[in-house]
Amino acid sequence: MKILLTGANGYIGKRLLPLLVEQQHEVVCLVRDPRRFELPATLKARVKVIQGDLLQPHTLQHLPTDMDAAYYLVHSMGSGAGDFSVAESMAAQHFVAYLNTTSATQLIYLSGLSQDQSLSRHMASRQKVEEVLSSARASLTVLRAAIIIGSGSASFEIIRDLVEKLPLMVTPKWLNSRCQPIAIRDVLFYLTHTLGNARCYGKKLEIGGPDVLTYKQMLHGLAETRHLKRYIITLPVLTPRLSSYWLYFITSTNYTLAQRLVDSLRNDAVVKDQSINKLLPHRCLPYQEAVRLAYAKIEQNEVVSSWKDALVSGTMPLNYMDFVQIPQHGVLTDRQYLKFDRNQDEVLANIWSIGGERGWYKTDFLWQIRGLLDKIVGGVGLRRGRRSPTEVQAGDTIDFWRVLLADKANRRLLLYAEMKLPGEAWLQFRIVEEKDGHYLEQLAVFRPEGLPGRLYWYAMLPFHFIIFGGMARNIVEHTSAPPKAAVHRDSG
């Protein structure tokens, strides 16, 4: 079949794409900026990438019309700009208008699960999108899921953050809400097996794992899997606003997403309609087995996609790839240029491993203080870490940086700051070959916004003097054992 995949560079889309290709489908990926969508070489022959923005209908006019089916994996929940529910509804309307010009016979949408009468804005928006998509000429198949458990999923990473960092938790009352978590591999099963399945046309199907748990039980369950003892006290006095701040400061989520998550977690999310079991009999993983599988992926450096790499995890503008060219004028710079004698591949490996668990090679406590200050003023802080400890690609996050360019062939890594700043900042690492040997060039560039920007840069100069020189030297000199080889191939 010829499939249109929206949200192809999102958490679900990145995992669904190779499965569709493996099943011999021809896939067209609709993305806003192809520059931040890197396809593995194994997929390029059967995948076409097309640029388009669902909020700008004129950009959809050139899309192909010979489609057999489409996946709609788009949402704006983490966006901090404007009313996300209006944006979601508008995007869906534009998509339906385009889809009605095609030959597609099926549209598949991954939605949220909740039957409460008083829905959160997030869940109400999802149901509104369902209504809009149902007006398409193609038959709509809706899969409604609660929390998705998998390496890199927002829900799993937030639960993991809480359990691993807090031996004692004073939590809001919504931890007593019930949900039916489902493993990412089971979500992918349903997404692929409803495709072209006429029995699923026009159906709204609820999917969930075998366990019905409160969020408190989920925290305890993850702690048990990790052999940790955790104590949880639930207080009714924590308001939604305080609960949102609690999630924001403790976990890697941003405040906007924390606020909307808290709003939605007040509702139970339990499967009541079991019709999916008759249409597609399938044994879903229990919660703790899904958690163990997710940790196996993390430990073996096989995290395929992470919610943290989506733009909703930070503050980046949609056109951030326009910043790949570092400005030459009106900027302040710190340049370190060090000759080294060791194997350049070893130095490149150190560059490619910077941030996250490895740290920044010099005075990590100062980076942590800067991350805390960034959180206090509404930034992303350091807690996002990295998707993989050794691999990076354009669009990935590394703590409070976004990867603009990861070019191993030309030995260049370029980062752009997502922290709150009175200006714009770049951090570039390159290995340069000269006649007399190899050099590491480490370039920090800051384009200030007016007087506050210049005052910020000069106030930071003493810290730059401590950090940047030592960081470059340690990148050149650092030695470490290679990461454990990955042997686990199951999806998690």
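This text walks through salt bridges and one helix packing in a predicted model.

Start with the charged pairs. A search of the whole structure turns up 18 salt bridges. Three of them are followed here, along with one network.

Helix 4 spans residues 154–165 and holds both Glu164 and Arg160. They sit 4 residues apart, about one turn of the helix. Their side chains meet in a salt bridge, at 3.5 Å from N to O. How accessible is each partner? Glu164 has 34% relative accessibility, so it counts as partly exposed. Arg160 has a relative accessible area of 19%. Buried means under 20%, so Arg160 is buried.

Next, look at Arg178 and Asp268. They form a salt bridge, and their closest N and O atoms are 3.9 Å apart. Which parts of the chain does this pair tie together? Arg178 belongs to strand 9, residues 178–179. Asp268 lies in the loop between helix 8 (255–265) and helix 9 (276–279). The bridge therefore links parts that are 90 residues apart in sequence. Arg178 is partly exposed, with a relative accessible area of 38%. Asp268 is also partly exposed, at 26% relative accessibility.

Arg283 and Glu289 make another salt bridge. Here the closest N and O atoms are 3.6 Å apart. Arg283 has a relative accessible area of 58%. The cut-off for exposed is over 50%, so Arg283 is exposed. Glu289 counts as partly exposed, at 31% relative accessibility. Elsewhere, Glu130, Arg144 and Lys204 are joined into one network by salt bridges that share partners.

Now return to helix 4 and its packing against helix 6, residues 215–225. The axes of the two helices are 10 Å apart, and the packing angle is about 70 degrees. Angles of 65 to 115 degrees count as roughly perpendicular, so that word describes helix 4 and helix 6. Helix 4 passes helix 6 in a right-handed crossing.

Which residues meet between the two helices? Helix 4 supplies Phe156, Ile159, Arg160, Leu162 and Val163. Helix 6 supplies Met218, Leu219, Leu222 and Ala223. By class, this contact has 8 nonpolar residues, no polar ones and 1 charged residue. Arg counts as charged, so the charged residue is Arg160. Arg160 thus appears in two settings: in the contact with helix 6, and in the salt bridge with Glu164.

Conventions
Residues numbered from 1 in each chain as written. Predicted model: local features only at pLDDT ≥ 70, side-chain atom pairs only at ≥ 80, totals over all residues. Heavy atoms only, no water. Salt bridge = Lys/Arg side-chain N within 4 Å of Asp/Glu carboxyl O. Buried < 20%, exposed > 50% of the residue type's maximum accessible area, 1.4 Å probe, protein only. Axes fitted to C-alpha atoms, helices over the stretch in contact; angles between N-to-C directions. Parallel < 35°, antiparallel > 145°, perpendicular 65-115°, else oblique. Left-handed = near helix turned anticlockwise from the far one by under 90°. Contact = heavy atoms within 4.5 Å.
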